[in-house]
Amino acid sequence: MTKWPSSRRLRGAKVEIKLDIKVVIQAAPFAMAYGYDDALAGRSDIGAVVSFTGLVRDFNETPDVTGLTLEHYPGMTESTLIDIGEQAWQRWSLQAVRIIHRVGYLAPGDPIVRVLVASAHRREAFEACDFIMDFLKTRAPFWKKEHSTQGEYWVKERHSDQKDAARWN
Amino acid sequence: MHLTHLNALGEANMVDVGDKQETRREAVASGRIVMQPETLKLLTSGELPKGDVLATARIAGIQAAKRTHELIPLCHSLALSKVSVEFEVNLADSCVNVTALCRLNGRTGVEMEALTAVSVACLTLYDMCKAVDKNMCIEAIQLDSKQGGQRGDYQRTNVQTPIVTGDGVSGEVSVGERFSPPCVRVKFLAELRERVGESEAVVELDDLTSRDISGLKSALVQRDVRFSVLTDQRTLCAINQVMANDDALVTDDDEVAFFPPVTGG
């Protein structure tokens, strides 16, 4: 498991602020509370934590999905997610961002992705988490192949995901 | 560490699981059968004499998982709540990857069931295809992961393809062997890899009509009509792992990846 902390600093800022963004891609399952303790350790300036967890459904393009295999493009995946975290950091006032995404074989009910955002106030944390998921779904190089009782097929992109991401333009 | 299936006298012994807590157990195993590319073509097109090979092998794997206790002497008979057997046809390596998942709420693990499902699915694939190919080889049958039980979870660390597309180490653009004439290294990812039937190609810069992505696409299409899928406007492209469009310039030793729209999350 490789952690990808973002060590870049915001350009043009008068005070250098270290971005607390971490990205993990792994085949192993992750805990439902992933990122919480790590993001909050030793801090008392955080007033809101919003997290999203995405799970494998047993119905999608066909009704009987038995599992899926997730592929990604190592290297580009991590840098894309760090970049999305940094964009969120510039739009909202955030204190921590954690993104974890699984790859490989997953069964229905398995968590695939978790995004956690910590901020001083709830509105920023809600919006940033929503933004990160919209951009992750439309920009990060992951591909799902669904296995169903009717066979296996590559999942098609959804127009609604593109529309969701366009809301932030 | 000791072997639980041996008693104090070293004799084979079935483990008493009556006092163990019932927990949710799950195991995933995988393996593959390598065959001639022609055999794989017949298999995917359904032209083999014995008919729908994958559907039959799937049923065989599921049935085998349920009867593991009849085959492996010290295995308990289990009421599995789920068995799934999946196949991935890998044209690049000319093999079929088999993955099995077994699950139950019970007192004993289900890895033997998952391994048996993979083994018998592979054997059935062999049986269904042996009329045209006797050189097939069943290999790499292994436990990938298991969850639940007192010994805790297990995850194989070197789980290989198809999880990862391309062979780049995380965070690095892979630097393969240097090619003497200026070239670009091309990768085809996910569905696109399956459609063109290979994962990588090398194209000399001199073969490009223009030294940009559209020039690279034309050179590949000229090489083989299979690559015409690259000109589909849904096909995306990255140069050195940064998104690029048709006008983006390519230079010596660039890594160019083509892939379909992303579907993660």
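**View 1. Strand β8 of chain A and its antiparallel partner β4 in the predicted model.** Strand β4 (residues 65-72) of chain A runs antiparallel to β8(A), and seven bridges join the two. Within this pairing, Val65(A) stands opposite Ser148(A) of β8(A). Strand β8 itself spans residues 142-148 of chain A and is mostly covered, seven of its seven residues being buried. In a regular strand, side chains alternate between the two faces of the sheet. Phe142(A), Lys144(A), Glu146(A) and Ser148(A) point one way from β8(A), while Trp143(A), Lys145(A) and His147(A) point the other way. The residues of both sets are all buried.

**View 2. The hairpin from β8 to β9 in chain A.** Two residues make the connection between β8(A) and β9(A) in this hairpin. Strand β9 covers residues 151-154 of chain A and pairs with β8(A) in the antiparallel sense over four bridges. Glu146(A) has Tyr153(A) in β9(A) as its bridge partner.

**View 3. Surroundings of Pro108(A), in the loop between β6 and β7 of chain A.** The loop lies between β6 (104-106) and β7 (111-119). Pro108(A) has 17 other C-beta atoms within 10 Å and is therefore partly exposed. Not counting residues up to four places away in sequence, Pro108(A) touches Val56(A), Arg57(A), Asp58(A), Val65(A) and Gly67(A). One of these, Asp58(A), is 50 residues from Pro108(A) in sequence, yet the C-alpha atoms of the two are 5.2 Å apart. Another, Val65(A), is the residue of View 1 that stands opposite Ser148(A).

**View 4. The open five-stranded sheet of chain B.** The strand order is β2-β3-β1-β4-β5, and the pairing is antiparallel. The edge strands are β2 and β5 (154-155), each of which pairs on one side only. Strand β1 (residues 23-34) of chain B pairs with β3(B) over twelve bridges, in the antiparallel sense. Arg24(B) has Asn105(B) in β3(B) as its bridge partner.

**View 5. The side of chain B that touches chain A.** Here 31 residues of chain B are in contact with 37 residues of chain A. Two or more residues on the chain B side come from each of β2 (82-90), β3 (95-106), α5 (190-196) and β10 (255-259) of chain B. By class, this side of chain B has 16 nonpolar, twelve polar and three charged residues.

**View 6. The largest nonpolar core, with residues from chains A and B.** The core has 102 residues. Those with the most contacts inside it are Val117(A) and Ile132(A) together with Ala100(B), Ala114(B), Ala117(B) and Ala121(B). Helix α4 (residues 111-129) of chain B gives the most to this core, with eleven residues. Domain 1 (23-155) and domain 2 (183-259) of chain B each supply at least three residues. In soluble globular proteins, nonpolar side chains tend to be buried together.

**View 7. Helix α4 of chain B and the contacts of Ala121(B).** The helix is mostly covered, with 16 of its 19 residues buried. At 1.5 Å a residue, the 19 residues of α4(B) should span 27 Å, and this agrees with the 27 Å between its end C-alpha atoms. Leaving aside neighbours within four places in sequence, Ala121(B) is in contact with Ala57(B), Arg58(B), Ala60(B), Gly61(B), Val85(B), Val98(B) and Ala100(B). Ala100(B) and Ala121(B) are both among the residues with the most contacts inside the core of View 6.

Definitions and conventions
Residues are numbered from 1 along each chain as its sequence is written. Chains are lettered from A and ligands numbered from 1 in the order in which they are written. This is a predicted model: local features need pLDDT of at least 70, side-chain atom pairs count only at pLDDT 80 or more; totals for chains, interfaces and linings use all residues. A nonpolar core is a set of buried Ala, Val, Leu, Ile, Met, Phe, Trp, Tyr and Cys residues joined through C-beta atoms within 7 Å. A residue is buried if 20 or more other C-beta atoms lie within 10 Å of its own, exposed if 12 or fewer, and partly exposed in between; C-beta atoms are placed from the backbone. Domain bounds come from an automatic or database domain assignment. Two residues are in contact if their C-beta atoms, placed from the backbone, lie within 7 Å. The expected span of a helix is 1.5 Å times one less than its number of residues. Ala, Val, Leu, Ile, Met, Phe, Trp, Tyr, Cys and Pro count as nonpolar, Asp, Glu, Lys and Arg as charged, and the others, Gly among them, as polar. Two strands pair if DSSP finds at least two bridges between them.
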